Every structure is written in C-alpha cells, then in structure tokens.
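This report describes how the strands and helices of one predicted model are arranged. The sheet comes before the helices that pack in the fold.

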Amino acid sequence: MITTYFVKESLFHDSGPGHPESAGRARALNMLFIEMEKEGLTRSHETTPAQNLSLFRLAHDPDYIDFLERPGKTLPFHLDPDTSFSPGSLEAMKGLSGAISMMNREMNSSRSAFLLARPPGHHARRAAGMGFCLVNTIATQALDLLREDPTRRIAVFDFDVHHGNGTEEILGGTPGILYISTHQYPFYPGTGNGQGNHIGPMGDGILNIPLPEGTDDDDYYRAFESFILPRLTLFKPNVLLVSAGFDGHRDDPLGGFLLTEKTYRHIGKRLSSIFSSVFIVSILEGGYNLEALTKSVRSYMEGLNS
Ligand SMILES: [Zn+2]
C-alpha cells in the first residue's frame, strides 16, 4: 500500500502564463490518487505546512534561503527565464517543508510513499533556483534523514528526462548517499555526461547514465537492468528516494525520449520487488502532458504495488 502525500499549498505556486509547469499537473494527479484510493491501491495523507523554510538550510546556502524568505519582494520575479517566484511560492515551499518532515517521521508506518507537490526540485542548486525549481526537495529529504540517523544508506534514483544537476551538486560526495540518474544527453541542463561517476568506500557515490534522444522502452530497459539495478543492489540502501519525473514519455512536450507507461510500470515493479524491505519515497519532478503524466504515474504506482 502506497501512502500519498498531497501538498495542497503547491497549487499556490504559479510558474507564469502558458508555462508547462502548471497547477493543473497537481490537480490531475490528486484526482488520480482519489480514484486509486477508492480502488484500494493507495491511502492519502494530509500534510501540514512548516512555519518557515529552515529545513531547506540543510541543502541550500543560508543566504539563498534568507533571500527566498525576505519580505518586500516585488512579485512575481524570475530566478531564471523559466523559473518564477510568484505570490504563492513561499507558501508552496512551506508546504513542501512540512511534508518532508512528516514523511520522514512516518516512514516506519508505511513502506512506500509518493509526494505530490510542485514545483519540481531536482535542478535547484545549493545557492540558486533554476529550471522551474526553487528548492531541492529530494536533497533536503535525504539530508534530513541522514541528520536523524547518520548510519543510514540512502540511494537517490532520478529517472526524469533531465539530469538532476542540483541534486548531484548538493548530495554528490556525501558519505552514505548514492546518486543515480538516467537522462537525455546532450540536453538541458547540460550536465551529467558520466565523467564524474565514482564508487565510494560504501558503494555510495555518483552514477550518471546519459542516454541519447530517441531512447525507447527497450533501450531504457537495458540501461535499467544492466547498470542501475546492479549498482543499487551493490549499495544495499535502507532508504530509496526516487526523483520521479515522467517527462521521458513519448508524448511529453519537453523531453526527447520515446518511453511509454510500460517503462514506468517496470521501474516501479522492479524497485518494489528487489527492495522489498526498503522504504521507497517517490517525489514528483517533471511530466508536462497531463494525460501522459496521469497514465504514467498510475502505471508506476501499480508497478510499485505489485
Ligand atoms: Zn524534467
């Protein structure tokens, strides 16, 4: 049974008119989760926002968090041409922070969780937002879990079509953390070519798997079975955090992969069966065609549940 955490404050963040990263994404997935709960596949959980953004100081430069929290800004303003800080963005980030704390506290009561929130986070760097992302949710969650118990072994697997440059920058080299990403390359944000791959003393480290435009289900299957699962198995994580981005779908307007729901179902199924005693948290990243996004998330969740 997967517990779904819907951060309703994330609806307040506005990426701007005509922007693919819209509140409609969260609304569509919330509808899906209501449907799946009726089918007995998930159970939903309310989240409570935090008072401030302090938790994000674990992953970000304090000056950057001070800047985000500082009142008196003229809104909206842009952190980069694609990334907007809107009047509701601060509330959305407080919602995210509250959800991270809650999920980490409750991780023993559930084996698998899905965080439905926006904006995405994996491009947010230590001292800057970029690529639709204001704060790095998954990196913050990983560092909060490690602070609570430094003996934890945390794997972060990112299957969004874009490289999680922010996550790698923040978590790369942290003992006890393994970062794995598959992504289209060359492509935005231009990082993740695999040259920085390394294995640390505990099997931790970085594994980037750049894949070309046009990567389809069969290509992805081979990369997943040949490189990702063996490395994850070698590392033996006790927590698996997944940057679950669905913009590798063939109908997605941003990515250049040709994946279908089949791949997302396969990922969910294999992770769930191989890491059957590991807490698996999936955090929504990209996915910008609402129909493809909804079908892909359903397939992934059904895979995790099988
Ligand atoms: Zn993406």
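## Sheet and helix packing

In this predicted model, nine strands make up an open sheet of mixed pairing, and their order is β2-β1-β5-β11-β10-β6-β7-β9-β8. The edges are occupied by β2 (42-46) and β8 (198-199), and because each has a single partner strand, one side of each is left without a neighbour in the sheet.

Within the sheet, strands β6 and β7 run parallel and are joined by five bridges; Phe157 has Ile180 in β7 as its bridge partner. Helix α1 lies across β1, β2 and β5, and its direction makes an angle of about 125° with β2.

The segments named in these pairings and packings have the following residue ranges.

| Element | Residues |
|---|---|
| Strand β6 | 154-158 |
| Strand β7 | 177-184 |
| Helix α1 | 23-38 |
| Helix α6 | 217-235 |
| Helix α7 | 261-274 |

Two packed helices are described by the angle between their axes and the distance between the axes. For α6 and α7, that angle is about 20° and the axes are 11 Å apart; since angles under 35 degrees count as roughly parallel, the two helices are therefore roughly parallel to each other. The crossing in which α6 passes α7 is right-handed.

On the α6 side, the contact is formed by Asp217, Tyr220, Tyr221, Phe224, Leu229 and Thr233, which meet Lys262, Thr263, His266, Ile267, Arg270 and Ile274 in α7. Sorted by class, this contact of α6 with α7 comprises six nonpolar, three polar and three charged residues.

How values were computed:
Residues numbered from 1 in each chain as written. Predicted model: local features only at pLDDT ≥ 70, side-chain atom pairs only at ≥ 80, totals over all residues. Pairing = 2+ DSSP bridges. Helix = DSSP H or I, 4+ residues; strand = E, 2+ residues; numbered from the N terminus. Contact = placed C-beta atoms within 7 Å. Axes fitted to C-alpha atoms, helices over the stretch in contact; angles between N-to-C directions. Parallel < 35°, antiparallel > 145°, perpendicular 65-115°, else oblique. Left-handed = near helix turned anticlockwise from the far one by under 90°. Nonpolar A, V, L, I, M, F, W, Y, C, P; charged D, E, K, R; others polar.
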